[in-house]
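Trainee: Could we take a close look at one part of this protein together? I would like to follow a single strand and what surrounds it.

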Amino acid sequence: MKALVLATLLTASAAHADPVVDAARTYAAFWNSGDPALAQQALAPGFIDRTLPPGREQGPNGPLQASKAFRAAVPDLKAEATHIVPHGDHVSVRLHFTGHFTGQFGGTQGQGQAIDFQAFDLYHVVDGRITENWHLEDNLTLLRQMGLMSGPQSAPVKNQ
């Protein structure tokens, strides 16, 4: 009986799922796992990165390249979506990244430094897929933690 009630609740919640939130969760799962299939599922074929970093390919391949390069530097990378705030066909997402810099980044070999920084994304979702993304990462904290910039280390992000 419990199994039937649980299955009914899960089915009911799936029937009322918000495709905007679902796209954000799927994309966050991509950043957490590095699984390209999740990025392909979350991103529209005509996806546009509105804050495209220099050297990154526009379109769905850009995030795939970024994830692969970052995971080469931080193989145990984890990304948690701590906040997902939908508003119509847009959704804001706060991501908390953690891991250890044990791989290579550019010409620098990591020494196991702890990585703990956050990012903020705004997605435009159409037909359940992200068509546009605006993003800001705390790259200053990241580069300091990796030892690639001097200056005081930022305190680890606390979930609130």
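In which sense do S6 and strand S7 (residues 129-137) pair, and over how many bridges?

Mentor: Happy to walk through it; keep in mind that this is a predicted model. S6 and S7 pair in the antiparallel sense, over 8 bridges. One of the matched positions is Tyr 123, whose bridge partner in S7 is Asn 133. The two strands form a hairpin with 2 residues between them, and in the turn Asp 127 has a positive phi of about 55 degrees. S6, which covers residues 113-126, also pairs with strand S3 (residues 90-101), again in the antiparallel sense, over 12 bridges. There, Phe 117 in S6 is the bridge partner of Phe 97.

Now for the rings. Searching the whole structure gives 6 aromatic pairs. In one of them, the ring centres of Tyr 27 and Tyr 123 are 5.4 Å apart with planes at 75 degrees, so this pair is edge-to-face. Because Tyr 27 lies in helix H2 (residues 19-33) and Tyr 123 in S6, the pair ties together parts 96 residues apart in sequence. Tyr 27 and Tyr 123 are both buried. Phe 70 and Phe 117 are edge-to-face too, since their ring centres are 6.0 Å apart and their planes are at 70 degrees. Phe 70 belongs to helix H4 and Phe 117 to S6, so this pair ties together parts 47 residues apart in sequence. Phe 70 is buried at a relative accessible area of 12%, and Phe 117 is buried at 3%. Finally, Tyr 123 forms one aromatic cluster with Tyr 27, Phe 30 and Trp 31.

Terms used:
Residues numbered from 1 in each chain as written. Predicted model: local features only at pLDDT ≥ 70, side-chain atom pairs only at ≥ 80, totals over all residues. Heavy atoms only, no water. Pairing = 2+ DSSP bridges. Helix = DSSP H or I, 4+ residues; strand = E, 2+ residues; numbered from the N terminus. Phe/Tyr/Trp six-rings, centres within 6.5 Å; stacked < 30°, edge-to-face > 60°. Buried < 20%, exposed > 50% of the residue type's maximum accessible area, 1.4 Å probe, protein only.
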